[in-house]
Amino acid sequence: MRSLVNHQTTSTRPAPVLPSVGALRPLGLDEVALTGGFWADRQRVNGEASIPHCDTWETRVGWIDNFRHALDGTVAQHRTGREFSDSDVYKMIEAMAWEVGRTGDPALDARIVELSALIGAVQEPDGYLSTKFGRPGQEPRYSDLAWGHELYCYGHLIQAAVARLRTGHDDELVAIARRAADHVCAEFGPDGRDGVCGHPEIEVALVELARATGERRYLDQAALFVERRGRGTLPDIEFGREYYQDDVPVRDATVLRGHAVRALYLTAAAVDVAVETGDDELFDAVRDQYAATLARRTYLTGGMGSHHQDEAYGDDHELPPDRAYCETCAGVASVMVAWRLLLATGDAHWGDAVERTLFNVVATSPAQDGRAFFYTNPLHKRVPGEAAHPDEVSARALSRLRAPWFEVSCCPTNVARTFASLAAYVATVSDDAVQLHQFASARIATTLGDGRSVGLEVETGYPYDGDVVVRVTLAPEGELGLSLRVPAWAVGAATLDGVPVEGDVATVRRQFAVGDEVRLSLPVQPRVTTPDDRIDAVRGCVAVERGPLVLCAESTDLPGDLHVDAIRLDPSATLLAEGTGAVARGRAVEHGEGPWPYTADPRERAADGFDLRLVPYHTWANRGPSTMRVWIPTT
């Protein structure tokens, strides 16, 4: 049985996830502010460039105009985008809402009001809202639950409204979302349609709306959707019902399978339902499924999904680096699951999954200027990509360089909403302690569960520097507990104020005074990582990591015209930190050619050794077309 604390008073704090009970209470954007360094820089670029970029493109490709066409009766003739394009408008608004909550930007606030008025005018009197279905010349409502995404779109609408509500705006967008949620409860409740959406998302949104409003019926509807999943209400398809997790009831599954984003959104929802209803059986089941997925179906970067054709998980240890799909949205969704498990259990190790995925999947997607994105995140590229046209929509799966926009642009808006709310994933509190889970320069001002106020300032050069200094700026009376997560790669080598730390949490408990400091030191020097030998695709290879960062070899840094497939790494040689990456000892090989690629005699001949420069994986392809690999064969 998990030890849970009631957090009912947190329902209106500005954070995307606010369980009413749990081992730890997350802090909101009003309690944590990123002040500098890696994540603050990305948050700034997100606000200044990525969010306006999404607005510009959604206007250009007509997804916002779909709502106008719905009003003037021409949507059947003029609608653009896929069946789920409404959801990307909603995700963009969610990003805007968190950004307004973070900065108070009046122009962005006015844009939310403008878009909300347009969307509200399209909503039907009974709460139904879609630009794809239900109007003259279109298919009827809910005529295609497997692929229509109507409930999925509601989910993102509701999450945008929750962001708006929690940042102090009980406005038209909130009213729209509540009408839509009430419609869903009436239409799909116990006496309504016995169905689920082909793409889970409505479930996680309904739980958060229940938390934000106190309306139990939204939680009950989410729980009903979770219980219906896996009972064959959706049609069998070429990928099997596991594609949309309708093959096995949620409680009976042992590992995540099928479409990765769908599976992870459903898992996040199941965690939420279990937490809010006290369903330990459900909680244990989905916790174990996610743990098994991390252990057997996850890439070194934290990415998930090794099948391109169905954007899905492969079998256990089926993790080919060159065919890694690792959709950016799956990275965001994995962070959602791990964070919920951390809040529910208080187990710091779930923060490792959050960290790895944020640094090596979510941070990899956007270009340095925040105006182009990766949809997929493979770990090996043999052919340099062509630069995407700055004014054309790209096909997602074919992009080898970041593109400004996609036919399916779920990833740019998902990154935008995650970065805008990123401060809410940094720290938590309990009755008498503060827990630091992600390391970033930040100001923290909060209240403990026992009512005492605490102020902290965090200074760090992480991830390139392993020192994390926490300074007390407001000291509570009596003892205060301060806990800092020790990543798995640092266990046994971390120190707290110079004293070795045992285990995965560094904890100090004493009476603090203003100005007191605590220093956690983590070993961020480069290290060699070897794969489980059941991962056939990378047997005989190694990777190099530095702190939380996965490094890669990029052809841009190789001598001459050397291809990344012609390099070998000497794992016994000393690794040196250089800039934000590392230098290893490499060797080039020459491959013989023949009429048949299989032979009894090796055709590979070793050539000269050289210094092999490795860069953070999240930076690759920012210097033009290149080849790249994370896993490198050894000498």
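The largest cavity has a volume of about 210 Å³ in this structure, which is a predicted model. Its lining is formed by 16 residues, of which P16, E94, Q159, R417 and Y425 are the closest to the centre. Four helices, α4 (85-103), α6, α12 (328-345) and α14 (410-420), each contribute at least two residues to this lining. Of these, α12 gives the most, with 4 residues. By class, the lining of the largest cavity comprises 9 nonpolar, 3 polar and 4 charged residues.

In total, 5 cavities of 30 Å³ or more were found. The second largest cavity holds about 70 Å³ of space. The residues Q245, V248, V250, A253, L256, R257, A263, L266, T267, V286 and Q289 form its lining. Both α10 (260-277) and α11 supply at least two residues of the lining of this second cavity, and the largest share, 3 residues, comes from α10. The division by class is 7 nonpolar, 3 polar and 1 charged for the second largest cavity.

Open spaces were examined as well. The volume of the largest pocket is about 640 Å³. This pocket is lined by 30 residues, and L294, T298, Y299, L300 and R356 are the closest to its centre. Two or more lining residues come from each of the helices α11 (280-296) and α13 (350-362). The contribution of α13, at 6 residues, is the largest share of the pocket lining. In chemical terms, the lining of the largest pocket consists of 17 nonpolar, 7 polar and 6 charged residues.

Aromatic contacts form a further part of the analysis. The structure holds 24 aromatic pairs. In one of them, the ring centres of Y142 and F188 are 5.0 Å apart and the ring planes meet at 90 degrees, so the pair is classed as edge-to-face. The two residues are 46 residues apart and belong to distant parts of the chain: Y142 lies in the loop between α5 (106-122) and α6 (150-166), whereas F188 belongs to helix α7 (residues 172-188). Y142 has a relative accessibility of 5% and therefore counts as buried. F188 likewise counts as buried, because its relative accessibility is 0%.

Ring pairs also join F38, W39, F359, F419, F439, Y462 and Y464 into a cluster. One member of this cluster, F38, has R42 over the face of its ring, at 3.6 Å from the ring centre. A charge over a ring is found as well at W57, where the charged end of R60 sits 4.3 Å from the centre of the ring.

The cluster member Y462 also takes part in an uncommon backbone feature. In general, most peptide bonds are trans, and most residues other than glycine have a negative phi. The peptide bond from Y462 to P463, however, is cis, with omega near 15 degrees. P463 is located in the loop between β9 (453-460) and β10 (467-474).

Positive phi values occur at C326 and A621. For C326, phi is near 45 degrees, although the residue is not a glycine. C326 is placed in the loop between α11 and α12. For A621, which is not a glycine either, phi is positive at about 70 degrees. This alanine lies in the loop between β22 (604-616) and β23 (628-629). With a relative accessible area of 11%, A621 falls under the 20% limit and is therefore buried.

The cysteines were assessed for cross-links, and the count comes to 0 disulfides. A disulfide requires two cysteine sulfur atoms within 2.5 Å. The sulfur of C326 lies 12 Å from that of C411, the closest cysteine sulfur, and this is too far for a bond. For C552, the closest cysteine sulfur is that of C326, at 14 Å, so the distance is again too far for a bond. C326 counts as buried because its relative accessibility is 0%. C552, at 1% relative accessibility, counts as buried too. C326 thus combines a buried position with a positive phi and a sulfur too far from its closest cysteine partner for a bond.

Notes: Residues numbered from 1 in each chain as written. Predicted model: local features only at pLDDT ≥ 70, side-chain atom pairs only at ≥ 80, totals over all residues. Heavy atoms only, no water. 1 Å grid on protein atoms, 1.4 Å probe; cavity = no way out; pocket = protein on both sides within 12 Å on 5 of 7 lines; lining within 4 Å. Points joined across faces, edges and corners; volume = space filled by probe spheres on them. Nonpolar A, V, L, I, M, F, W, Y, C, P; charged D, E, K, R; others polar. Phe/Tyr/Trp six-rings, centres within 6.5 Å; stacked < 30°, edge-to-face > 60°. Buried < 20%, exposed > 50% of the residue type's maximum accessible area, 1.4 Å probe, protein only. Lys NZ or Arg CZ within 6 Å of the ring centre and 35° of its normal.
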